[in-house]
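Q: I am new to this structure and would like to know what the words used for it rest on. Could you take me through them, one by one?

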Amino acid sequence: MSHAIQDRPVATVTRASSLSSARLPRWSPIAIAAGSIAAGIGIGLAAGWHSRVQWGMIAALLFVLTTYVLTTKVEGSRQAKDRVATSLVWVCFVLAVVPLLSLAWVTISKGMEVLDPYFLSHSMNGVLDAEAGGGVYHALLGTIEQVAIATVIAAPIGLLTAVYLVEYGGGKLAQAVTFFVDVMTGIPSIVAGLFVLATWNLMLGFGPSGFAGAMALAILMMPVVVRSTEEMLKLVPNELREASLALGIPKWRTILKVVLPTAIGGITTGVMLAVARITGETAPILLLVFGTKLINPNPFEGAQSSLPLYVYEQYAVGTDAAVSRAWAAALVLIAFVMILNLVARGIARWKAPKTGR
């Protein structure tokens, strides 16, 4: 009996040691990545490939293969599969981030050459496209007005449509609305511009204006708002609705006071995604707004300009001064969308329901 008691700790230690296995150090992914990058560059140079994209693809492939081989030898095939999956996620993340950072770097480096207070406060009135000078004020003003009008039109309609689909819809009408929302999601921007051109301009006889372009942008914006708002409303727990209804509160008031405030953060984010999509559209503006070098603060009469159209026009000229203005306008457009997103996040945090501990 005493021998059995004395042998028990030894058996426990033996069992614990058999369950433990060797593991790669924590710095191994960084070392493997550095070695893969060096090997990818070396292979690319030896093969005479001058494209850095090819170097990066070789480095990514070597990183995954090296991770699998080393992990299989040290930790076993099961851990190797887990590390390969993690490595693939990191490789995809890098492949997605690198073009984005490259685009941002090129836009900032080229756009800052011309971007200054004069560029933001003057138009192209009296300035030839081939000459240096001029500014983007008229295009920035047109973009702000057109996007604001499109948001005022599309956001309430999209929000109410989503509320109907989630809270009230359940029959054939809801199915039809869902079907047409899906169809509208894939409509090219030029089709929305042609629709407004055929109805507003040709049939009703109105001329080019910022409002016509805003209606086309609203058509493109509505399905995005409907879809994003619908998903956010579905995430609201049914318990909140049931608790409100159990207190005798009408359904419309439950939606207004409980459901919408709970989902306001996601709804605001969805609206901003829709705004970001329409801000860079050029085809409807080219058809319906026409573009101008003058400052036109009235979106309901006369031709206007916009930042995407300004970029297209200046880059099409092809001179050094015009191309520099195009890069600067592109940088202003990116900053405009970024500011809108920051404002939206601030509003979402401000209006989000407060939770206690």
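A: Let's start with contact, which means heavy atoms within 4.5 Å. Setting aside residues up to four places away in sequence, E167 has R241, K251, I255 and V259 as its contacts. Please keep in mind that this is a predicted model, where local features need pLDDT of at least 70 and side-chain atom pairs pLDDT 80 or more, while totals for chains, interfaces and linings use all residues. Residues are numbered from 1 along each chain, and side-chain values use heavy atoms, without hydrogens and water.

Q: Why does E167 count as buried?
A: Buried means under 20% relative accessible area, exposed over 50%, and partly exposed in between, with a 1.4 Å probe and protein chains only. The value for E167 is 10%, so it counts as buried. This residue lies in helix α6; helices are DSSP runs of H or I with at least four residues, numbered from the N terminus.

Q: What makes T107 buried?
A: Its relative accessibility is 3%, which is under 20%, so T107 is buried. T107 is found in helix α4. Beyond four places in sequence, T107 touches M112, W327, A330, L331 and I334. It also appears among the buried residues of α4, together with A80, R83, V84, S87, V91 and G111.

Q: How do you know that the length of helix α4 agrees with its number of residues?
A: The expected span is 1.5 Å times one less than the number of residues. For the 35 residues of α4, residues 77-111, that gives 51 Å, and the end C-alpha atoms are 50 Å apart, so the two agree.

Q: Why is M215 called buried?
A: M215 has a relative accessible area of 19%, under the 20% limit, so it is buried. The residue sits in helix α9. Leaving out neighbours within four places in sequence, M215 is in contact with I153, V196 and W200. Its C-alpha atom is 6.1 Å from that of A150, although M215 and A150 are 65 residues apart along the chain.

Q: Is L235 buried or exposed, and what makes it so?
A: At 63%, the relative accessible area of L235 is over 50%, so L235 is exposed. You will find L235 in the loop between α9 (210-234) and α10 (238-246). From L235 to G266, 31 residues away along the chain, the C-alpha separation is 9.7 Å.

Q: How do you know which class F290 belongs to, with its relative accessible area of 48%?
A: The value lies between 20% and 50%, so F290 is partly exposed. F290 belongs to the loop between α12 (283-288) and α13 (307-317). Most residues other than glycine have a negative phi. F290 has a positive phi of about 75° although it is not a glycine.

Q: What makes a space a pocket, and what makes it a cavity?
A: On a 1 Å grid over the protein atoms alone, a cavity is a set of points where a 1.4 Å probe fits but cannot get out; a pocket is an open set with protein on both sides within 12 Å along at least five of seven lines; lining residues have an atom within 4 Å of a point. Volume is the space filled by probe spheres on the points, which are joined across faces, edges and corners. The largest pocket here holds about 840 Å³. Among its 32 lining residues, I37, G56, A60, V91 and V94 are closest to its centre. Helices α2 (28-47), α3 (52-74) and α4 each supply at least two lining residues, and α4 gives the largest share, eleven.

Q: What kinds of residue line the second largest pocket?
A: Ala, Val, Leu, Ile, Met, Phe, Trp, Tyr, Cys and Pro count as nonpolar, Asp, Glu, Lys and Arg as charged, and the others, Gly among them, as polar. By that count, the lining of the second largest pocket has 17 nonpolar, two polar and no charged residues. The lining of the largest pocket has 19 nonpolar, eight polar and five charged. The second largest pocket encloses about 370 Å³. T151, A155, T268, V271 and M272 are the closest to its centre, out of 19 lining residues. Helices α6 (137-168), α11 (251-279) and α14 (320-351) each give two or more residues to this lining.

Q: How many cavities of 30 Å³ or more does the structure hold?
A: There is one, and the largest cavity has a volume of about 50 Å³. Its lining includes T143, Q146, V147 and L217. Helix α6 contributes the most, three residues. By kind, the lining of this cavity has five nonpolar, four polar and one charged residue.
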